[in-house]
Amino acid sequence: MKNAMEPGRVSFDEKMTVRKAIEDANIPFTYISANCFAGYFAGNLSQMGTLLPPKDKVLIYGDGNVKVVYMDEDDIATYTIKTIDDPRTLNKTVYLRPPENILTQRELIEMWEKLIQRKLNKSFLSKQELLSSMEGLDYASQVGVGHYYHIFYEGCLTNFEIGDEGVEASELYPEVTYTRMNEYLKLYL
């Protein structure tokens with residue numbers, strides 16, 4: 001996220017400062033890249049300003065076909081605990097990217113529509129419309145909109161390969177039965 005836009009870039013800059021200090025001090029580490037917490041991004045079908053799923057209409061970012069990684073918070077904790085004292089994660093970033101939870105916003109919406117057995121009215125928000133919406137917002141809201149831009153328009157969670165400095169959690173720990181988003185969404189019925 002070295003190219004993240006302002007003002008949301010501040011959170012990534014701070015993380016990079018801490019990481020650099022840890023590595024410069026030769027402190028052993030394991031970083032966890034948890035991606036989109038389901039409680040904030042899945043249950044509401046990635047709608048800003050609510051934590052509940054929409055009942056009638058849904059806003060789709062761009063064409064809704066950018067891949068996003070949605071993670072149940074309990075699964076994040078499970079994978080994180082498994083990394084403790086695991087030499088395979090020493091001085092690496094563990095990416096939580098279980099394959100069945102790498103979904104587009106459209107796929108997530110389709111899961112919800114199947115569960116509620118009806119279609120939602122869909123409207124689409126272009127990149128320019130999203131970025132223009134930042135004008136006049138308070139600082140925290142601008143940060144949130146910036147993060148949505150990187151996630152849903154640029155695909156920052158999935159537009160890279162995990163290199164030698166990282167490992168993927170579901171490959172490391174295939175015994176973990178992680179929560180698929182079609183099951184997670186049932187919590188909202």
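**Exercise 1.** Determine in which sense strand β4 and β6 pair, and place them in their sheet.

*Solution.* Step 1: β4 (residues 67-71) and β6 are antiparallel partners, linked by 3 bridges; strands are DSSP runs of E of at least two residues, numbered from the N terminus, and two strands pair if DSSP finds at least two bridges between them. The model is predicted, with pLDDT of at least 70 needed for local features and 80 or more for side-chain atom pairs, while totals for chains, interfaces and linings use all residues. Residues are numbered from 1 along each chain as its sequence is written, and side-chain values use heavy atoms, leaving out hydrogens and water.

Step 2: Within this pairing, Lys67 lies opposite Thr104 in β6.

Step 3: The open sheet has 3 strands in the order β2-β4-β6, with mixed pairing. Its edge strands, β2 (36-37) and β6 (102-104), each pair on one side only.

**Exercise 2.** Describe the setting of Glu168, including whether Glu168 is buried or exposed.

*Solution.* Step 1: Glu168 belongs to strand β8. In the open sheet β1-β5-β8, the pairing is parallel, and 3 bridges join β5 (residues 92-95) to β8.

Step 2: Glu168 is buried (under 20% relative accessible area, 1.4 Å probe, protein chains only). Glu168 has no salt bridge (a side-chain nitrogen of Lys or Arg within 4 Å of a carboxyl oxygen of Asp or Glu); the nearest side chain of opposite charge, Arg97, is 6.7 Å away.

Step 3: The Glu168 side chain does, however, reach the backbone nitrogen of Arg97 at 2.8 Å.

How values were computed:
Helices (H or I, at least four residues) and strands (E, at least two) are DSSP runs, numbered from the N terminus. Buried means under 20% relative accessible area, exposed over 50%, partly exposed in between (1.4 Å probe, protein chains only). Lys and Arg count as positive and Asp and Glu as negative; His and the chain ends are not counted. A polar contact is a pair of N or O atoms within 3.5 Å; within protein, one must be able to donate a hydrogen and the other to accept it, and residues adjacent in sequence count only if both atoms are side-chain atoms.
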